[in-house]
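Biologist: I'm new to this one. Could you walk me through how to read a few of its features?

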Amino acid sequence: MDTQRPGNETPELTPTEKHQRGQERTKYLIAAVGTAVLLVLATQLCGEDEPDKSKKENATQISGKDKQADQLKKALEILRQENPKAFNEFRKQNPGLALVFKGEDLSAIDLGSKKETTTVELKLANFKATKERKIGIDLSEADLSTANLENSTLRDAHLAKADLHDTNLSGAKLSNANLRGTNLHNTDLSSANLGGADLRETDLGSADLGGANLRGADLRNAYLADADLRVAHICDADLTEANLIRAKLARADIRNAKLANTNLIGSNLIGSDLDGSDLAGTRLTGADLTEAKLTYATLTGADLTEAKLTSAKLGSANLTDTKLTGAKLDSADLSYSHLRGADLRGANLTGAKLDYADLSTANLTGADLTNITYNANTQWPKDFTPPPSKCYAKETPPKKIVAKQKPKKNPSSIKWQCTPIKNQTPMSSIDAERETQRRKLRAVNPPFLG
């Protein structure tokens with residue numbers, strides 16, 4: 001017997017109601033299909049637009065590169081025409097253009113001639129960096145040999161491994177330039193500004209750097225044999241392991257420079273200022289350091305065999321284990337210096353000042369110590385008896401009293417001069433007593449010179 005719960009009966013639809021519901025379902029299906037079709041079409045359209053945009057961007061980049069290449073070609077033509085005036089004007093019109101002439105042959109160009117016979121005014125061209133262009137001209141590996149770049153501005157320029165031999169760069173502004181590995185052999189760099197420049201492994205053999213500014217420059221492993229650096233400013237520069245054989249450094253400012261393990265054999269350092277410099281392990285055989293300043297300099301382990309240090313100032317210098325065999329140190333100031341373990345065999349120390357010097361463990365075999373000056377604080381090697389100091393101790397009585405001026409009201413204000421008497425014969429006890437009384441009388445009533 002079938003039983004049905006009340007409320008669960010499904011009423012039967014009339015034919016009209018069935019027809020209406022079928023139409024509604026058809027509308028829903030048509031709307032869904034239309035939406036799907038629209039989504040597919042939109043995806044296809046977007047996919048086609050993206051490649052078009054990338055193509056346009058690539059085309060823009062290519063056109064930009066072509067334009068830059070054309071501008072560089074134009075700049076190169078101006079350079080080869082030796083017209084720096086036009087070149088400077090071109091730079092103003094293209095401030096953001098990076099000048100890259102890597103590997104270009106620019107040999108024998110003239111950008112600095114001052115000859116009045118030329119029709120073009122060839123003053124220096126300006127290659128320096130700007131706000132728009134953070135680096136200077138790129139001439140790395142370029143051939144600029146025998147070119148005239150006198151007084152040119154090449155600040156922050158890239159000239160690494162470029163060929164600049166026999167080039168005229170006198171008065172050029174090359175501060176902070178990259179010149180690593182560059183060939184500057186026999187180049188004229190007189191009065192040039194190379195402050196902070198990278199000159200590592202650079203060939204500067206026989207180059208003229210007279211009066212140049214090399215303050216803070218990096219010259220590690222650089223080749224400077226026979227180079228002219230007279231009156232140059234090299235303070236705070238790094239010349240570690242550089243080759244400066246036979247270099248001319250007279251009156252150069254080399255304060256606080258790093259010269260460790262540098263080759264300075266036969267170099268001319270007359271009157272140069274090396275105060276506070278590091279010369280540890282440096283080879284200075286036969287070098288001329290006459291009247292050079294080496295106060296507080298470090299010369300530990302340095303080789304100064306046969307070197308000339310006449311009247312040199314070596315106060316407070318560190319000369320520990322330094323080789324000074326046969327060196328000329330006459331009239332040199334070695335006060336407060338450290339000479340422990342120094343080899344001074346056959347050295348000439350005539351008239352040298354050795355006050356407060358530490359010569360303990362030094363080798364003084366055959367050294368000439370005539371007329372040296374030292375005090376009680378000077379330390380000598382064990383079992384070594386130094387000659388008498390040329391200065392008399394304060395407590396030593398004067399040998400002879402000579403009045404230099406007439407006495408005034410106060411006799412104690414009289415100035416006297418001690419003059420030693422040579423070849424004085426020893427006095428007897430009676431004569432010595434008479435001499436003592438005579439001195440007392442003179443002290444009370446000094447003689448007049450009128």
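Biologist: Let's start with one residue: is aspartate 218 buried or exposed?

Modeller: Before that, keep in mind that this is a predicted model. As for burial, we look at relative accessible area, and anything under 20% counts as buried. Aspartate 218 has a relative accessible area of 16%, so it is buried.

Biologist: Okay, and which side chain does aspartate 218 meet in a salt bridge?

Modeller: The general idea goes like this: side chains of opposite charge can pair when their charged atoms come close. Here, aspartate 218 forms a salt bridge with arginine 220, at 2.7 Å from N to O. Arginine 220 is partly exposed, with a relative accessible area of 32%.

Biologist: How many salt bridges turn up in the whole structure?

Modeller: A search finds 10 salt bridges. One of them joins aspartate 198 to arginine 200, again through their side chains, at 2.8 Å from N to O. Aspartate 198 counts as buried, at 16% relative accessibility, while arginine 200 is partly exposed at 22%.

Biologist: What about arginine 255 and aspartate 253?

Modeller: Their side chains meet in a salt bridge too, with 2.8 Å from N to O. Aspartate 253 is buried, having 12% relative accessibility, and arginine 255 is partly exposed, with a relative accessible area of 35%.

Biologist: Which residues are linked in a network of salt bridges?

Modeller: That network links Asp198, Arg200, Asp218, Arg220 and Asp238. You've already met Asp218 and Arg220 as a salt-bridged pair, and likewise Asp198 and Arg200.

Biologist: Now for charges on the surface. Which residues form a positive surface patch?

Modeller: For a patch, we look for residues that have over 30% relative accessible area and no salt bridge, with like charges joined within 9 Å. In this structure, Lys293, Lys313, Lys353 and Lys390 form a positive surface patch. Take lysine 293: its relative accessible area is 36%, so it is partly exposed.

Biologist: Where does lysine 293 lie?

Modeller: Lysine 293 sits in the loop between α2 (84-93) and β1 (401-403). Threonine 182 lies in the loop between α2 and β1 as well.

Biologist: Is threonine 182 buried or exposed?

Modeller: Threonine 182 is at 1% relative accessibility, so it counts as buried.

Biologist: And which backbone oxygen does the side chain of threonine 182 reach?

Modeller: The one belonging to leucine 179, at 2.9 Å.

Conventions: Residues numbered from 1 in each chain as written. Predicted model: local features only at pLDDT ≥ 70, side-chain atom pairs only at ≥ 80, totals over all residues. Heavy atoms only, no water. Patch = residues over 30% accessible without salt bridge, like charges linked within 9 Å, V, L, I, M, F, W, Y side chains within 5 Å. Areas by Shrake-Rupley, 256 points an atom, 1.4 Å probe, with all protein chains shown as cover. Salt bridge = Lys/Arg side-chain N within 4 Å of Asp/Glu carboxyl O. Lys, Arg positive; Asp, Glu negative; His and termini not counted. Charge placed at Lys NZ, Arg CZ, Asp CG, Glu CD. Helix = DSSP H or I, 4+ residues; strand = E, 2+ residues; numbered from the N terminus. Buried < 20%, exposed > 50% of the residue type's maximum accessible area, 1.4 Å probe, protein only. Polar contact = N/O pair within 3.5 Å; in protein donor to acceptor, adjacent residues only side chain to side chain.
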